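Dear colleague,

I am handing over the structure below, and I would be grateful if you could look through it with the charged side chains in mind. My notes on what turned up follow directly after it.

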Amino acid sequence: MISHRDNNTQRIAALDERAEALRLKRGMGIADARAMHPSIDVVEADPEADRRLLEGLADWCDRYTPLVAIDGEDGLFLDVTGCTHLFGGERAMQDEILARFFQQGFDVRAGLASTPGAAWAAARFHGDRIVAGGEEEALLSPLPLSALRIAPETRASLESVGLRTAGAVMAAPRAPLARRFGATLLLRLDQALGRLDEAVSPRLPVAPLSVERHLAEPVVLTDDIERLVSRLAIALKTDLERRGEGARTLALLLFRVDGAVNRIAVGTSRPMREPRLIQKLFHERLTALEQSIDAGFGFDLVRLSVLSVAAFDLVQGDLTGETDDDDADIALFADRVRARLGEAAVLKPVVVESHLPERAVKTVPFAEAPQGRAPAAGRTPPPRTAPPMTVYPPERPVRLFRSPEPIEVPATEIPEGPPMNFRWRRALYRVARAEGPERIAAEWWRQLPGEEEAPTRDYYRIEDSEGRRYWLYRQGLYSSAAQAAPPRWFMHGVFA
């Protein structure tokens with residue numbers, strides 16, 4: 001038996017057939033049960049473990065339909081509309097589900113009907129029944145009120161007035177029932193009888209496109225799985241071409257014969273539908289997960305799904321069939337590295353609207369970065385009415401430090417000019433040439449209320465006596481009367 005705590009009392013939450021034969025029932029106190037049968041075994045309930053087990057069973061049921069929903073603490077809803085013919089019909093499909101669960105060590109009950117409410121009642125009160133369309137009322141009439149999935153309080157109120165079966169409720173006038181017991185009672189009744197639609201919300205998003213292969217002999221080796229991925233990708237390409245789309249996220253589902261399911265997902269930075277490229281991505285992902293994938297006794301069902309799509313833009317090729325798209329190779333390389341090492345393995349700099357150097361660029365995951373080449377910073381296209389002109393952006397260092405590093409600058413004869421020498425990282429550098437200043441003011445519109453205004457910066461391009469070039473700046477102005485602290489110098493980057 002399994003027990004749970006209810007109002008500071010340990011009660012029976014579930015029991016097996018042997019415990020039921022001893023006339024023990026759910027809700028009975030553990031103390032009373034032990035008084036009747038001192039030798040019974042009691043295990044404390046673990047709701048979290050039960051939930052994980054139910055989710056694992058729901059994953060396994062994806063082999064029958066992608067529309068799988070969890071029903072309470074001990075049930076599953078499977079919307080098998082349009083799927084039964086793939087398994088030889090309704091009876092063959094239900095028998096296979098029950099047999100497979102039995103082989104895995106589960107005692108399950110199943111019901112199949114045209115409405116979720118009728119299927120729920122057939123599973124829990126008959127165990128193995130298929131209800132044809134229009135027979136819902138005949139199924140529910142002799143059943144107790146709990147078959148209507150109503151609250152215990154409502155059920156007790158109905159029984160107090162002599163309504164003890166679903167048939168008695170169906171025969172009673174509807175208006176008095178709604179006034180006394182609420183609209184939920186009639187809602188559940190109409191849903192079970194098919195008068196009102198009841199949607200089954202799947203626990204996982206339904207893939208817009210999927211292809212799968214049922215295997216007579218389970219596969220274990222990674223090479224066999226990769227060959228299956230290539231064949232499934234070929235079948236998937238036809239559907240993607242018909243829709244004019246390419247895959248952005250793909251998932252490979254490996255269904256093990258003992259019920260476990262492995263889900264392997266890859267993302268693409270560009271819409272993709274070429275089978276050879278899809279196979280390469282999953283090759284990298286399977287190689288990275290080879291030690292963590294437990295094939296057990298093998299996989300008997302392999303499914304390739306497209307989770308997200310995007311419009312696929314065709315690129316015109318030349319007479320040899322080659323296309324001039326250098327970014328495609330870079331994107332494929334980045335996708336393969338991400339598939340092997342993770343999403344954060346490849347980052348891409350993106351231009352940000354800010355004139356402060358450390359804010360002008362940020363790094364984002366490669367797949368989230370905008371495609372195409374961004375215009376060079378500082379180049380603003382002139383209006384069409386203006387005469388042609390050339391605008392050169394300010395020269396920036398090849399390496400920009402993430403955080404400016406402080407440097408020591410001695411007092412100079414011309415405070416507003418560049419330094420004559422400076423000390424950085426304990427080394428002394430003598431300035432041979434200097435260009436500047438390039439003044440960059442603080443972004444006052446981003447300043448928080450009450451926050452002190454950031455000092456102005458004067459940037460200089462410096463070349464030392466050995467030909468090395470640096471980018472440093474003075475923070476603050478010597479001539480500023482409102483500034484209490486003297487200006488400070490920082491190294492922000494180095495040129496090639």
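Arg227 and Asp224 form a salt bridge in this predicted model, with their closest N and O atoms 2.2 Å apart. Both residues belong to helix H11, which spans residues 222-243, and because they are three residues apart there, about one helical turn separates them. Neither partner falls in the buried class, since Arg227 is partly exposed at 46% relative accessibility and Asp224 is partly exposed as well, with a relative accessible area of 22%.

A pair within another helix can be read in a similar way. The side chains of Glu96 and Arg100 meet in a salt bridge with an N to O distance of 3.2 Å, and the two residues sit four apart in helix H4 (residues 90-103), so that about one helical turn lies between them. Glu96 has a relative accessible area of 26%, which makes it partly exposed, and Arg100, at 21%, also counts as partly exposed.

Which parts of the chain does the pair of Glu358 and Arg457 tie together? The closest N and O atoms of this salt bridge are 2.7 Å apart. Glu358 lies in the loop between strand E12 (347-351) and strand E13 (361-365), whereas Arg457 lies in strand E17 (residues 457-464), so the pair links parts that are 99 residues apart in sequence. The two partners also fall into separate accessibility classes: Glu358 is partly exposed, with a relative accessible area of 28%, while Arg457 is buried, because its relative accessible area of 11% is under the 20% cut-off.

Some of the salt bridges share partners, and in this way Asp59, Asp62, Arg203 and Arg263 are joined into one network. For the structure as a whole, the search finds 39 salt bridges, and the pairs described above are among them.

One further item concerns charge on the surface, where Glu44, Asp46, Glu48, Asp50 and Glu73 gather in a patch of negative charge. Within that patch, Glu73 is placed in the loop between strand E4 (68-71) and strand E5 (75-78), and at 75% relative accessibility this residue counts as exposed.

If you open the model, you might begin with the pair in helix H11 and then turn to the link between Glu358 and Arg457.

With best regards

Notes: Residues are numbered from 1 along each chain as its sequence is written. This is a predicted model: local features need pLDDT of at least 70, side-chain atom pairs count only at pLDDT 80 or more; totals for chains, interfaces and linings use all residues. Side-chain values use heavy atoms; hydrogens and water are left out. A salt bridge is a side-chain nitrogen of Lys or Arg within 4 Å of a carboxyl oxygen of Asp or Glu. Buried means under 20% relative accessible area, exposed over 50%, partly exposed in between (1.4 Å probe, protein chains only). Patches are made of residues with over 30% relative accessible area and no salt bridge: like charges are joined within 9 Å, nonpolar side chains (Val, Leu, Ile, Met, Phe, Trp, Tyr) within 5 Å. Accessible areas come from the Shrake-Rupley method with a 1.4 Å probe; for residues, only the protein chains shown count as cover. Lys and Arg count as positive and Asp and Glu as negative; His and the chain ends are not counted. The place of a charge is taken as NZ of Lys, CZ of Arg, CG of Asp or CD of Glu.
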